[in-house]
Amino acid sequence: MVAGSFTQEIESPIAPARLWKAGILDADVLLPKLLPEVIASVDIIEGDGGVGTIKQCNFTPAVPDQKFVKDRTDVLDGENFVFKYTVVDGGFLGSRISSYSFEFSFTVSGAGSKGKLTLSYETADETPLSEEEVGKIIFGSDAMIKALEGYLLANPDAYV
C-alpha cells in the first residue's frame, strides 16, 4: 500500500462565501441541475448535512465505469471555508485504490477567491497513482467547479 496526495489550486472570480454556499452547502440540489447529463441525483443516506453525513451521488449512464459514489463529510468549516470528505463506497474504490478523500478550501484572492483541492489516497498495491489516474479522479471535481462558477457568474444575485 502506498499513501499519496495531489493538490491543485484554481483562481476564481467568485467570492469564497458564494462558492461555499452554492458548491458545498447546496450542492445536493444545485449540482444535478447544473450537470444533468452526468449527475442523476444526490441523496442524503444518513445524517443532517453536517459532519458525519453520508451522501450518495448517482451518475447517469454518461459515466460508464461508475454508477455512484458515496461519501462521508469529515470537516465542514464555514468560517474558514474548508470542506473535507472521504469516499466510503463506489467511485474509484476497489481497483487500485483502497481509500481516498478530498479537501476543498477557499480563501479570498482579490475580488474573487483561490480554491485548493487536495486528493489524499492509499493504493491497494505498492505503486503510487500515475498522473493519468489522478486526472481521472479529479476530473469530476474540476467539471463541477467550472459548472458552479459559470452558474454563479450568470446569476450574480444567487447565493449572496
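**Notebook: pocket, cavity and aromatic cluster**

I began with tyrosine 100, which has a relative accessible area of 4% and is therefore buried. I note here that I am working from a predicted model, and that every value below is computed from it.

Next I looked up phenylalanine 102, and at 4% relative accessibility this residue counts as buried, since the cut-off for that class is under 20%. I then turned to the rings.

**Aromatic pairs.** I searched the whole structure for aromatic pairs and found seven. For tyrosine 85 and phenylalanine 104 I noted ring centres 6.4 Å apart and planes at 20 degrees, so I entered this pair as stacked. Tyrosine 85 belongs to strand E5 (residues 82-90) and phenylalanine 104 to strand E6, so their pairing ties together parts that are 19 residues apart in sequence. I checked the accessibility of these two as well, and both tyrosine 85 and phenylalanine 104 are buried. For tyrosine 100 and phenylalanine 102 I recorded centres 5.9 Å apart and planes at 75 degrees, so that pair went down as edge-to-face. I also asked which residues join into a cluster, and found that Phe83, Tyr85, Phe92, Tyr100, Phe102 and Phe104 form one aromatic cluster.

**The largest pocket.** I looked up the volume of the largest pocket and wrote down about 1000 Å³ of space. Its lining consists of 45 residues, and those nearest the centre of the pocket are Phe59, Tyr85, Gly140, Ser141 and Met144. Tyr85 thus appears in my notes twice, once among the residues nearest the pocket centre and once as a member of the aromatic cluster. When I asked which element gives the most to this lining, the answer was helix H3 (residues 131-154), with ten residues. Sorted by class, the pocket lining has 29 nonpolar, nine polar and seven charged residues.

**The largest cavity.** I then counted cavities of 30 Å³ or more and found one. The space in the largest cavity comes to about 50 Å³, and the residues that line it are Gln8, Ile10, Phe104, Phe106, Gly115, Lys116, Leu117, Asp142 and Ile145. Strand E1 (3-12), strand E6 (97-109), strand E7 (112-123) and H3 each give two or more residues to this lining, and the largest share, three residues, comes from E7. By class I noted five nonpolar, two polar and two charged residues around the cavity. Phe104, a member of the aromatic cluster, is also one of the cavity-lining residues.

**A contact on E7.** While on strand E7 I looked at threonine 118, which is found there, and which counts as buried because its relative accessible area is 17%. The side chain of threonine 118 makes a polar contact with the side chain of threonine 7, at 3.3 Å.

**Backbone angles.** I noted phenylalanine 81 for its positive phi of about 55 degrees, given that it is not a glycine. Phenylalanine 81 sits in the loop between strand E4 (68-77) and E5, and with a relative accessible area of 18% I listed it as buried. Tyrosine 159, also not a glycine, has a positive phi near 60 degrees; this tyrosine lies in the segment after H3 and, at 22% relative accessibility, counts as partly exposed.

**Record.** Last, I consulted UniProt, where an unreviewed entry places the feature "domain: Bet v I/Major latex protein" at residues 1-155. Over residues 1-155 I noted 27% helix and 44% strand, with the end C-alpha atoms 45 Å apart.

How values were computed:
Residues are numbered from 1 along each chain as its sequence is written. This is a predicted model: local features need pLDDT of at least 70, side-chain atom pairs count only at pLDDT 80 or more; totals for chains, interfaces and linings use all residues. Side-chain values use heavy atoms; hydrogens and water are left out. On a 1 Å grid over the protein atoms alone, a cavity is a set of points where a 1.4 Å probe fits but cannot get out, and a pocket is an open set with protein on both sides within 12 Å along at least five of seven lines; lining residues have an atom within 4 Å of a point. Grid points are joined across faces, edges and corners, and a volume is the space filled by probe spheres set on the points. Helices (H or I, at least four residues) and strands (E, at least two) are DSSP runs, numbered from the N terminus. Ala, Val, Leu, Ile, Met, Phe, Trp, Tyr, Cys and Pro count as nonpolar, Asp, Glu, Lys and Arg as charged, and the others, Gly among them, as polar. UniProt positions are given in the numbering used here, feature names are shortened, and annotations may be inferred rather than shown by experiment. Rings of Phe, Tyr and Trp (its six-membered ring) pair if their centres lie within 6.5 Å; planes under 30 degrees apart count as stacked, over 60 as edge-to-face and the rest as tilted. Buried means under 20% relative accessible area, exposed over 50%, partly exposed in between (1.4 Å probe, protein chains only). A polar contact is a pair of N or O atoms within 3.5 Å; within protein, one must be able to donate a hydrogen and the other to accept it, and residues adjacent in sequence count only if both atoms are side-chain atoms.
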